[in-house]
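Here are some short questions and answers for a first look at a predicted model. Each answer gives the value and the reasoning behind it.

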Amino acid sequence: MQFLNNPEVALLLSLMFAMIALFTATHYSWKRLNDAAAASLGPVCGIILILSAGGGFKTVLIDTGVGDMITHFVQSSHISILLVGWLIAAFVRVSTGSSTVASIATGGVLAPVAQALQLSSVGVALLVLAIGAGSVFLSHVNDAGLWLVKEFFGLTLKETFKTWSVMECLLSMWALIVIMLVSIPLM
């Protein structure tokens with residue numbers, strides 16, 4: 001059962017089932033079905049790769065003791081865990097260019113911290129929002145989204161920085177301000 005529960009095995013089995021069901025229903029050639037399957041797996045593999053990178057980065061941070069250091073820091077410094085979550089997510093976002101990796105890595109590192117601090121469900125929800133806000137901070141050249149916006153709107157790189165990157169920074173910082181204000185009476 002553990003073998004079948006593996007995400008890659010489950011994806012492969014579902015693909016095989018879909019191909020057999022489609023062949024039975026439509027009688028398409030196996031070449032046509034194989035080409036359709038190959039075309040559909042490309043985007044899925046990219047998503048799996050990004051999620052795996054975030055999970056791997058999180059594991060490296062936890063195994064090196066960064067999570068314990070952050071727990072100790074937050075407990076002894078009286079700095080809001082919401083601000084710490086935003087800062088870590090923003091740092092990972094800027095360094096990797098991926099908001100997905102930033103969210104997964106920061107969430108994985110701060111989950112034990114949230115448990116140690118015994119955050120309420122509202123506190124956890126606000127922490128998730130703070131991490132999400134930090135994960136969109138400063139889109140620059142290592143972010144695929146920046147290049148997508150640049151090409152889609154026909155902007156120069158300088159114009160993209162002046163619009164998209166500034167907008168992402170403002171969005172992230174205003175979200176943090178609102179989250180911190182909301183947290184005052186709730187935490």
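Q: What is the volume of the largest pocket?
A: The volume is about 180 Å³. The model is predicted, so this is a computed value.

Q: Which residues lie nearest the centre of the largest pocket?
A: Arg-93, Gly-97, Ser-98, Ser-99 and Asp-143 do, out of eleven that line the pocket. H6 and helix H8 (144-153) are the elements that each give two or more residues to the lining.

Q: What makes up the lining of the largest pocket, by class?
A: Three residues are nonpolar, five are polar and three are charged.

Q: Why are H4 and H6 called oblique to each other?
A: Their axes cross at roughly 40 degrees. Angles under 35 degrees count as roughly parallel, and 65 to 115 as roughly perpendicular. The crossing fits neither range, so H4 and H6 are oblique. The axes of helix H4 (residues 66-77) and helix H6 (residues 99-116) come within 9 Å, and the crossing is right-handed.

Q: Which residues of H4 and H6 meet?
A: Gly-67, Ile-70, Thr-71, Val-74 and Gln-75 of H4 meet Val-109, Leu-110, Val-113 and Ala-116 of H6. By class, this contact has six nonpolar, three polar and no charged residues.

Q: How do you know that H5 and H6 are roughly antiparallel?
A: Helix H5 (residues 81-96) packs on H6 at about 150 degrees. Angles over 145 count as roughly antiparallel, so this pair qualifies. The axes are 8 Å apart, and the crossing is right-handed. Among the contact residues are Ile-88 and Arg-93 of H5 and Ser-99 and Leu-110 of H6.

Conventions: Residues are numbered from 1 along each chain as its sequence is written. This is a predicted model: local features need pLDDT of at least 70, side-chain atom pairs count only at pLDDT 80 or more; totals for chains, interfaces and linings use all residues. Side-chain values use heavy atoms; hydrogens and water are left out. Axes are lines fitted to C-alpha atoms, for helices over the stretch in contact, and angles run from 0 to 180 degrees between N-to-C directions. Helices (H or I, at least four residues) and strands (E, at least two) are DSSP runs, numbered from the N terminus. A crossing is left-handed if the near helix is turned anticlockwise from the far one by less than a right angle, and right-handed if clockwise. Contact means heavy atoms within 4.5 Å. Ala, Val, Leu, Ile, Met, Phe, Trp, Tyr, Cys and Pro count as nonpolar, Asp, Glu, Lys and Arg as charged, and the others, Gly among them, as polar. On a 1 Å grid over the protein atoms alone, a cavity is a set of points where a 1.4 Å probe fits but cannot get out, and a pocket is an open set with protein on both sides within 12 Å along at least five of seven lines; lining residues have an atom within 4 Å of a point. Grid points are joined across faces, edges and corners, and a volume is the space filled by probe spheres set on the points.
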